[in-house]
Amino acid sequence: MAKTKGAVVVDEERCKGCNLCAAACPLHVIALSAKRVNRKGYSFARQVADDTCTGCAACAIVCPDGCITVYRAKDN
């Protein structure tokens, strides 16, 4: 059975750092940047665990600003 892998892409400049995406992620794949901020001064979300994402897109669904895109691919 093929395993589904996911990749999270965040539009860092649009992200306001609300942290809803990190709270919604069941596998703790996404978190707010601890040391970097965007041009607006917000800590932005980013993928912190590369091989853990399953592509469920819970983070993208709850993002109020539509900053997150999740790509899914089957890993054979």
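This report describes the fold, salt bridges, loop residues and surface of one predicted chain.

## Basis of the model

The model is predicted, so local features are reported only at pLDDT of at least 70 and side-chain atom pairs only at pLDDT 80 or more, while totals for chains, interfaces and linings use all residues. Residues are numbered from 1 along each chain as its sequence is written, and side-chain values use heavy atoms, with hydrogens and water left out.

## Overall fold

The chain holds two helices and four strands, where helices (H or I, at least four residues) and strands (E, at least two) are DSSP runs numbered from the N terminus. In sequence order these elements give the pattern β-α-β-β-α-β. The radius of gyration, taken over C-alpha atoms, is 12 Å, close to the 11 Å that the globule rule gives for 76 residues, so the chain is as compact as a globular protein of that length; the rule itself is 2.2 Å times the number of residues to the power 0.38. Along its principal axes, the C-alpha trace spans about 45 × 20 × 20 Å.

Buried residues account for 32% of the 76 residues; buried means under 20% relative accessible area, exposed over 50%, and partly exposed in between, with a 1.4 Å probe and protein chains only. Among contacts (heavy atoms within 4.5 Å) between residues at least 6 apart in sequence, 65% join residues at least 24 apart.

## Salt bridges between loops

Three salt bridges are counted, under the rule that a side-chain nitrogen of Lys or Arg lies within 4 Å of a carboxyl oxygen of Asp or Glu. One of them joins the side chains of R36 and E12, with an N to O distance of 3.8 Å. This pair links distant parts of the chain, since R36 lies in the loop between strand 2 and strand 3 and E12 in the loop between strand 1 and helix 1, 24 residues apart. E12 is partly exposed, at a relative accessible area of 30%. Another bridge is formed by R39 and E13, whose closest N and O atoms are 3.7 Å apart. Here too distant parts of the chain are linked, with R39 in the loop between strand 2 and strand 3, E13 in the loop between strand 1 and helix 1, and 26 residues separating the two. R39 is exposed at 75% relative accessible area, whereas E13 is partly exposed at 31%.

K16 and D65 also form a salt bridge, in which the closest N and O atoms are 3.8 Å apart. The two residues are 49 apart along the chain, K16 being in the loop between strand 1 and helix 1 and D65 in the loop between helix 2 and strand 4 (68-75). Both residues are partly exposed, K16 with a relative accessible area of 43% and D65 with 24%.

## Loop residues

S33, in the loop between strand 2 and strand 3, is buried, with a relative accessible area of 6%. A polar atom of the S33 side chain lies 3.1 Å from the backbone nitrogen of R36, a separation to be read against the polar contact criterion (a pair of N or O atoms within 3.5 Å; within protein, one must be able to donate a hydrogen and the other to accept it, and residues adjacent in sequence count only if both atoms are side-chain atoms). Leaving aside residues up to four places away in sequence, S33 touches S43, F44 and R46.

Most residues other than glycine have a negative phi. H28, which is not a glycine, nevertheless has a positive phi of about 55°; H28 sits in the loop between helix 1 and strand 2 (30-32) and is exposed, at 61% relative accessible area. A57, likewise a residue other than glycine, has a positive phi near 70° and belongs to the loop between strand 3 (45-47) and helix 2.

C18 is located in the loop between strand 1 (3-10) and helix 1 (20-24), and with 44% relative accessibility C18 counts as partly exposed. The C-alpha atoms of C18 and N38, which are 20 residues apart along the chain, are separated by 13 Å.

## Surface

The chain exposes about 5000 Å², of which carbon and sulfur atoms supply 51%; accessible areas come from the Shrake-Rupley method with a 1.4 Å probe, and for residues only the protein chains shown count as cover. L20, I61 and V62 form a nonpolar surface patch that has about 270 Å² of accessible area together. Patches are made of residues with over 30% relative accessible area and no salt bridge, with like charges joined within 9 Å and nonpolar side chains (Val, Leu, Ile, Met, Phe, Trp, Tyr) within 5 Å. Within this patch, V62 belongs to helix 2 (residues 58-62) and is partly exposed, with a relative accessible area of 34%.
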